[in-house]
Amino acid sequence: MTTVAACADGSNSADAPSVKPQKSAAPGECGSVPKIAPKGSSGALASLPASAAANYNGFTQPVQASAWKDWKPSHDGPYKVALSWPPRNNSFVTDVYNSVKKTLTASGNVTITKELTPSSPADVPGQLQQINQLIGDKPDMIITQPIAPGPSAKLMDAAAKAGIPVVSAWNPTPTASAVSVGLNNFLQAATSAAKVAQAMGGKGSVLMVHGIPGIQQDADAMAGFKAALKLCPDIKVAGEVTGSYVNAATKAAVLQFLSTHPKGVDGVLQAGVMGLGVINAYKQLGKEVPPLADLGSSHGTVAYAHQNASNYQGFGTSTPNKAIGVSIAKVALKILAGDGPKVNHVITQPVYITSENLDKIYQNGWATTDSAEAAGKTDDFMSDAYIAEFFKKSSR
């Protein structure tokens, strides 16, 4: 599926090449999205509509009935909510955090009692200690973006024993004691990789770009990439590099790879927000950018697709930072209202950016150097109606 150009007014460029979307691959063929049952669902997904349950394809965390499905707060609002968040050292973490706070405060029914941040994005022990401190303060709810969801699960179990629900933001936590809110990173990776494989004609080689190896987000993305490639026996992985979710580091890593692989590759799969680094490496060498799985697209990568319709195929995803924060806060408010979450993971899929909707995503003035997230004007991540599907009743 080749990206077509879009004019600033949203119409297709008159001199853009005429591109026809590729025919979708049949299930099980190279270029299709693999169908994999979510891990340990234990029947919990049966409580959701089929359309919502489909978003758990390949989900890597156990899906369980929520520990809070029959819970109601012991008093009326305003409710005391405490926050534990990684350092706000990038736009995603900062925007989501600020949006969560703004939405909670605007409800008029929440008082934020404490906000704790560990010393660094890798300070797992520090964050665990801070979450334990928040449990001791006995707020009505804790909302956290856990650095390490696995080790955090035991503390969320402890919070549940103390009667304190925990909302785990973005990073899914493997316990029924928390309600995690985010997207299915496996599925977005598998879907994007399948599109790249189809653009490659089902043969050739790919480069995979890690974020931070070992963390859950990167592991899920790599699992999705590999699941899609497993259906493509004629596509080989030429190498793997690490970009640390930083475009400068990604550019350097890709340049190093290409210096030892002068023939290049036929596709690139990057695990999140590193698309500009990949593109800039190829631009520096004067090489044509191959089809790219651009998870967490930026203004820059979408603008590049807009400007290079004739020779670039990009397959991106939208992660609207502020809207993500709003969705997390709305789930928290519904729990505090006693609406009863059905399952422990409230999951969706991102908006996929392809030739078919590029003109709706691209906005006049977006520069190829801009790393801000690419979000459509109407992207709301999770609508109120969608969120309501995950609750036993609706008071909001």
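This tour moves from the whole chain to an annotated span and then to a single residue.

Begin with the entire chain selected, bearing in mind that the model is predicted. In a cartoon view, the secondary structure resolves into 12 helices and 12 strands. The radius of gyration is 21 Å, close to the 21 Å that the globule rule gives for 396 residues, so the chain is as compact as a globular protein of that length. Turned along its principal axes, the C-alpha trace spans about 65 × 40 × 40 Å.

Next, switch to a surface representation, where the accessible area comes to about 16,100 Å² and carbon and sulfur atoms contribute 51% of that area. Of the 396 residues, 55% count as buried. If you colour by charge, the mean positions of the 32 positive and 27 negative charges lie 5 Å apart. Among contacts with a separation of 6 or more, 75% join residues 24 or more positions apart.

Now select residues 81–338, which UniProt lists, in an unreviewed entry, as "domain: Periplasmic binding protein". This span is 47% helix and 20% strand, and its end C-alpha atoms lie 15 Å apart.

Finally, select Tyr-79, which lies in strand S1, residues 79–84. Is Tyr-79 buried or exposed? With a relative accessible area of 7%, which is under the 20% cut-off, Tyr-79 is buried. Showing side chains around Tyr-79 brings up the residues it touches beyond four places in sequence, namely Pro-73, Asn-109, Val-110, Thr-111, Asp-140 and Leu-336. To close, draw a C-alpha to C-alpha distance from Tyr-79 to Ile-112, which are 33 residues apart in sequence and 8.3 Å apart in space.

How values were computed:
Residues numbered from 1 in each chain as written. Predicted model: local features only at pLDDT ≥ 70, side-chain atom pairs only at ≥ 80, totals over all residues. Heavy atoms only, no water. Helix = DSSP H or I, 4+ residues; strand = E, 2+ residues; numbered from the N terminus. Rg over C-alpha atoms; globule rule 2.2 N^0.38 Å. Buried < 20%, exposed > 50% of the residue type's maximum accessible area, 1.4 Å probe, protein only. Contact = heavy atoms within 4.5 Å. Areas by Shrake-Rupley, 256 points an atom, 1.4 Å probe, with all protein chains shown as cover. Lys, Arg positive; Asp, Glu negative; His and termini not counted. Charge placed at Lys NZ, Arg CZ, Asp CG, Glu CD. UniProt positions renumbered as here; feature names shortened; annotations may be inferred.
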